[in-house]
Amino acid sequence: MSSTMQLAQRALLTEHGLEPRNLEQVFGKMLAHRVDYADLYFQYSRAESWALEEGIVKSGSFNIDQGVGVRAVSGEKTAFAYSDDITLHALEDAALATRAIARQGGKQTAAHMHVGKARALYLPHDPIATLKADDKVALLEKLERMARSLDPRVTQVMANLAGEYDVILVARNDGLMSADIRPLVRLSLQVIVESNGRREQGSAGGGGRFGYDYFSDEILQRYAKEAVHQAVVNLDARPAPAGNMTVVLGSGWPGILLHEAVGHGLEGDFNRKGSSAFSGRIGERVAAKGVTVVDDGTIKDRRGSLNVDDEGNPTQRTVLIEDGILRGYLQDTMNARLMGVPVTGNARRESFAHLPIPRMTNTMMLNGDKTPEEIIASVKHGLYAANFGGGQVDITSGKFVFSTTEAYMIEDGKITYPVKGATLIGNGPEALTRVSMIGNDMALDPGVGTCGKEGQSVPVGVGQPTIRIDGLTVGGTA
């Protein structure tokens with residue numbers, strides 16, 4: 001048995017007077033009538049956050065949470081109950097509550113519990129314990145000093161350090177028992193600069209599934225430079241022009257546009273219900289030639305990666321769009337069964353108190369054959385979007401609106417002056433067909449992404465190379 005499974009069993013079963021045979025008893029009660037699928041999701045999590053402002057750490061929080069979610073699925077119906085009390089009595093009560101949706105029919109037999117294969121994309125350690133409290137405060141203070149030293153116009157620095165230790169154990173009615181121990185850290189920085197009465201801001205940060213020791217002086221210096229650079233650039237930015245123009249998206253974090261405008265539309269539940277702009281289009285051309293989009297939950301130490309998803313299935317690399325052709329959707333167990341396709345390991349939930357739904361992990365567009373310089377040089381007049389802030393998308397229509405946090409005008413094949421207030425407006429599926437050049441500089445984001453869907457937030461990753469999109473609407477302030 002893997003060390004991860006041993007640690008998870010000790011924390012989530014043994015500690016509460018439970019053992020695998022008790023889980024078989026619970027499934028026995030759930031399967032008194034016929035259901036298609038049932039699972040138990042145990043979770044123990046510790047999380048902390050430290051915030052620095054005006055030169056001092058003004059706030060800190062620490063939270064411990066634990067509980068179990070009990071779910072039964074019959075056809076398209078789902079029964080779900082959860083409890084923060086991990087006891088056999090609470091489990092049996094929840095199991096009885098889920099039987100309401102069961103079909104009449106022969107009693108099913110609960111399978112004997114067996115342990116699934118283990119994978120190790122990240123170390124099963126507690127990141128919160130990798131640094132003493134005084135050292136966490138010192139790290140934030142050092143980051144502030146670095147940012148202020150880079151430019152005298154820096155007037156405010158805000159930094160946040162967060163860590164999470166998440167232990168999960170999934171038991172299913174087919175007898176499979178899987179576990180995962182998920183470390184997660186994140187450091188974010190925001191600076192405000194002021195000159196001649198004008199104030200602008202910039203931000204940077206990163207993280208992943210490792211300890212706080214990742215944040216070396218070199219990493220801190222990089223975050224400080226990025227945040228200050230972005231803020232200073234915006235001090236000199238002119239109002240952005242509006243109109244229909246060629247847009248070049250930078251590599252890395254700008255992949256958030258791909259995630260929002262296209263990725264959500266490729267999740268199985270939207271497509272099973274026919275509410276996505278991509279519904280029923282498998283095998284059709286949905287993007288320009290050369291566009292390949294994958295979702296990969298198996299990248300080592302990445303924020304969006306998981307050893308197993310929240311149904312105990314191994315995550316995988318799923319090709320969604322290949323050379324412009326739609327190849328598949330992201331699936332959890334229920335939607336895969338109802339659509340008659342394989343599970344892709346994309347069932348995710350915010351906590352034991354939430355139902356799993358199909359979600360992205362690390363979603364990215366793969367490399368093309370052009371250099372970023374070639375792409376910029378090809379544009380007579382257009383916008384270069386180096387970084388993004390927030391955005392909104394309508395899954396059914398595919399329409400999106402994204403605001404840039406760092407953008408420049410391109411004139412006669414050269415990046416000229418920075419612009420402020422540019423928003424990108426378009427339709428996700430249509431924008432994919434307008435991709436005319438794809439760079440060879442694919443990069444992943446630094447590890448800051450959080451995705452919201454149906455009120456649930458989960459950590460994700462995005463990535464892409466530099467790409468050129470023709471005829472995108474730019475909303476400006478000029």
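Which residues lie nearest the centre of the largest cavity? Hold that one for a moment.

Ground rules. This is a predicted model, where local features need pLDDT of at least 70, side-chain atom pairs count only at pLDDT 80 or more, and totals for chains, interfaces and linings use all residues. Residues are numbered from 1 along each chain as its sequence is written, and side-chain values use heavy atoms, with hydrogens and water left out.

Start with the division of the chain. There are two parts: domain 1 (4-236) and domain 2 (242-475). Those bounds come from an automatic or database domain assignment. Taken over C-alpha atoms, the two centres are 23 Å apart. In terms of contact (heavy atoms within 4.5 Å), 46 residues of domain 1 touch 42 residues of domain 2.

Now the record. UniProt, in an unreviewed entry, places "domain: Metalloprotease TldD/E central" at residues 127-235. The same kind of annotation, "domain: Metalloprotease TldD/E C-terminal", also unreviewed, covers residues 243-476. A caution: UniProt positions are in the numbering used here, feature names are shortened, and annotations may be inferred rather than shown by experiment.

Look at those spans in the model. Helices (H or I, at least four residues) and strands (E, at least two) are DSSP runs, numbered from the N terminus. Residues 127-235 are 34% helix and 46% strand, with end C-alpha atoms 37 Å apart. Residues 243-476 are 14% helix and 39% strand, and their end C-alpha atoms lie 8 Å apart.

Next, empty space. We use a 1 Å grid over the protein atoms alone. A cavity is a set of points where a 1.4 Å probe fits but cannot get out. A pocket is an open set with protein on both sides within 12 Å along at least five of seven lines. Lining residues have an atom within 4 Å of a point. Grid points are joined across faces, edges and corners, and a volume is the space filled by probe spheres set on the points.

Back to the opening question. The largest cavity has 13 lining residues, and L257, L258, L432, I467 and I469 lie nearest its centre. Its volume is about 80 Å³. Helix α6 gives the most to this lining, 4 residues. At least two residues each come from α6, α10 (428-433) and β25 (467-475). By class, the lining has 11 nonpolar, 2 polar and no charged residues. For the classes, Ala, Val, Leu, Ile, Met, Phe, Trp, Tyr, Cys and Pro are nonpolar; Asp, Glu, Lys and Arg are charged; the others, Gly among them, are polar.

The count is 2 cavities of 30 Å³ or more. The second largest holds about 40 Å³. Its lining includes A261, F278, D394 and I395. That lining splits into 5 nonpolar, 3 polar and 1 charged.

On to the pockets. The largest pocket has about 1100 Å³ of space. It is lined by 47 residues, and S203, Q230, W253, N387 and F388 are the closest to its centre. Elements giving two or more residues include β7 (198-208), α5 (217-235) and β16 (381-393). Strand β16 has the largest share, 7 residues. The class split is 17 nonpolar, 22 polar and 8 charged. Where does the largest pocket lie? It lies between domain 1 and domain 2, because both give residues to its lining.

The second largest pocket has about 700 Å³ of space. Of its 31 lining residues, E164, L184, E350, S457 and P459 are the closest to its centre. Elements giving two or more residues are β1 (37-53), β2 (56-74), β5, β6 and β23. β1 gives the most, 6 residues. The lining has 10 nonpolar, 9 polar and 12 charged residues. Each of the two domains supplies at least three residues.

Stay with β23 for pairing. Two strands pair if DSSP finds at least two bridges between them. Strand β22 (residues 450-453) runs antiparallel to β23 (residues 456-459), with 4 bridges. G452 has S457 as its bridge partner. The two strands form a hairpin with 2 residues between them, and E454 in the turn has a positive phi of about 50 degrees.

Last, a sheet. It is open, with 6 strands in the order β12-β11-β10-β15-β24-β21 and mixed pairing. The edge strands are β12 (325-326) and β21 (443-444), each pairing on one side only. Inside that order, β10 (residues 293-296) and β11 (residues 317-322) are antiparallel, joined by 4 bridges. There, D295 stands opposite T318.
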